[in-house]
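This report considers the interior of a protein model: its aromatic pairs, its nonpolar cores and its internal cavities. Please consult the sequence and structure shown here while reading.

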Amino acid sequence: MYRNIFVEDKQNIRCLKFSVKRKVSSQSCIDKDEPNRLVFDYTKFVFTGLLANPNPEKVLIIGLGGGTLSNSLQLLFPDIKIDNVEIDPAVVTVAKEYFDFKESENIQTFNQDGRIFIKRAALKKLQYDLIILDAFNGEYIPEHLLTREFLQETKSLLSDHGVVVANTFSSSLLFHHETATYHDVFGDFYTVSKSNNAGNRIILAGKQLPDEGTLLNRVKDWQAPLARLDVDIKYTASLIKRQTKQDDSYRVLTDQYSPANLLR
């Protein structure tokens, strides 16, 4: 209904794609020989969220892809509860058939627009310890998932020490507007990206984030568990930077002003 979906095997790597025209178009990849190994750097960077909240009991993931993040969290926390939200039911079918996406009594999937799910969850006063925003396809993020109003709704779902982990662009005209928007809602936050701005930027935001010293002190506790996913958390933690308030010349994105595709 929403897009073409391709599953491509190259040797031991299987990838989910929504386009065959772009050189870099994979949404999610697995190593068929080592299915627990995370293939993409950005998925590895997401796990810096565990330095901010090391024991999430309830998780919300917006954007399923192949289900890699959900499966990895289940491996780390067997009793975890995860709500996966994916607008396209065909993506869920493909994730189960080709990427071994696992569901259970604690792992549920909702075929819904992420914004609608979050609005309804807020009305129900649901709370999450970790919210992962991964509605990202390499070319754009839906504009209604970038605005001040959306982030305010998302923030209302966080538990006291809850963390939002957002997968976004490391370099674009959108960058500074997005930064201004997150800062408007959350105050100072952290970013994780490579020093050359290649690849993705991960944003860590929350109601009350730990200081940098606390984050780094938790690295040793996660080195062995995350090594199972091929995550070098010591290296990844070295990429964390605090994002303070910036130049006011960049306009905050709102439901009335969110030209995301133009800025991208």
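## Tryptophan 222 and its aromatic partner

In this predicted model, tryptophan 222 has a relative accessible area of 9% and is therefore buried. Phenylalanine 77 also counts as buried, because its relative accessible area of 12% falls under the 20% limit. The ring centres of phenylalanine 77 and tryptophan 222 lie 5.8 Å apart and the ring planes meet at 65°, so the pair is edge-to-face; the angle required for that class is over 60 degrees.

The two rings come from distant parts of the chain, 145 residues apart. Tryptophan 222 belongs to helix α9 (residues 219–227), whereas phenylalanine 77 sits in the loop between α3 (68–76) and β5 (81–85).

## Other aromatic groups

The structure holds 5 aromatic pairs. One aromatic cluster is formed by Tyr182, Phe186 and Phe189.

## Nonpolar cores

In soluble globular proteins, nonpolar side chains tend to be buried together. The largest nonpolar core in this model comprises 35 residues, and the members that touch the most others are Phe47, Leu73 and Leu226. Beyond its neighbours within four places in sequence, leucine 226 is in contact with Phe47, Leu50, Leu76, Val231 and Ile233.

Another core, of 29 residues, lies apart from the largest one. Its members include Leu60, Leu174, Phe186 and Ala260. Phe186 is also part of the aromatic cluster with Tyr182 and Phe189.

## The largest cavity

The model contains 2 cavities of 30 Å³ or more. The largest has a volume of about 100 Å³. Its lining consists of 13 residues, and those nearest the centre are Leu133, Ala135, Ile141, Leu145 and Asn167. Two elements, β8 (158–169) and α7 (174–186), each give two or more residues to this lining. The largest share, 3 residues, comes from β8.

By residue class, the lining of the largest cavity divides into 9 nonpolar, 2 polar and 2 charged residues.

## The second largest cavity

The second largest cavity has a volume of about 40 Å³. It is lined by Val46, Phe47, Gly49, Leu50, Leu73, Leu130, Ile132 and Val165. The elements that give two or more residues to this lining are α2 (49–52) and β7 (128–133). The lining comprises 7 nonpolar residues and 1 polar residue, with no charged residue.

Phe47 and Leu73, which line this cavity, are also among the residues that touch the most other members of the largest nonpolar core. Phe47 and Leu50, likewise in the lining, are in contact with leucine 226.

Technical notes: Residues numbered from 1 in each chain as written. Predicted model: local features only at pLDDT ≥ 70, side-chain atom pairs only at ≥ 80, totals over all residues. Heavy atoms only, no water. 1 Å grid on protein atoms, 1.4 Å probe; cavity = no way out; pocket = protein on both sides within 12 Å on 5 of 7 lines; lining within 4 Å. Points joined across faces, edges and corners; volume = space filled by probe spheres on them. Helix = DSSP H or I, 4+ residues; strand = E, 2+ residues; numbered from the N terminus. Nonpolar A, V, L, I, M, F, W, Y, C, P; charged D, E, K, R; others polar. Core = buried A, V, L, I, M, F, W, Y, C linked by side-chain atoms within 4.5 Å. Buried < 20%, exposed > 50% of the residue type's maximum accessible area, 1.4 Å probe, protein only. Contact = heavy atoms within 4.5 Å. Phe/Tyr/Trp six-rings, centres within 6.5 Å; stacked < 30°, edge-to-face > 60°.
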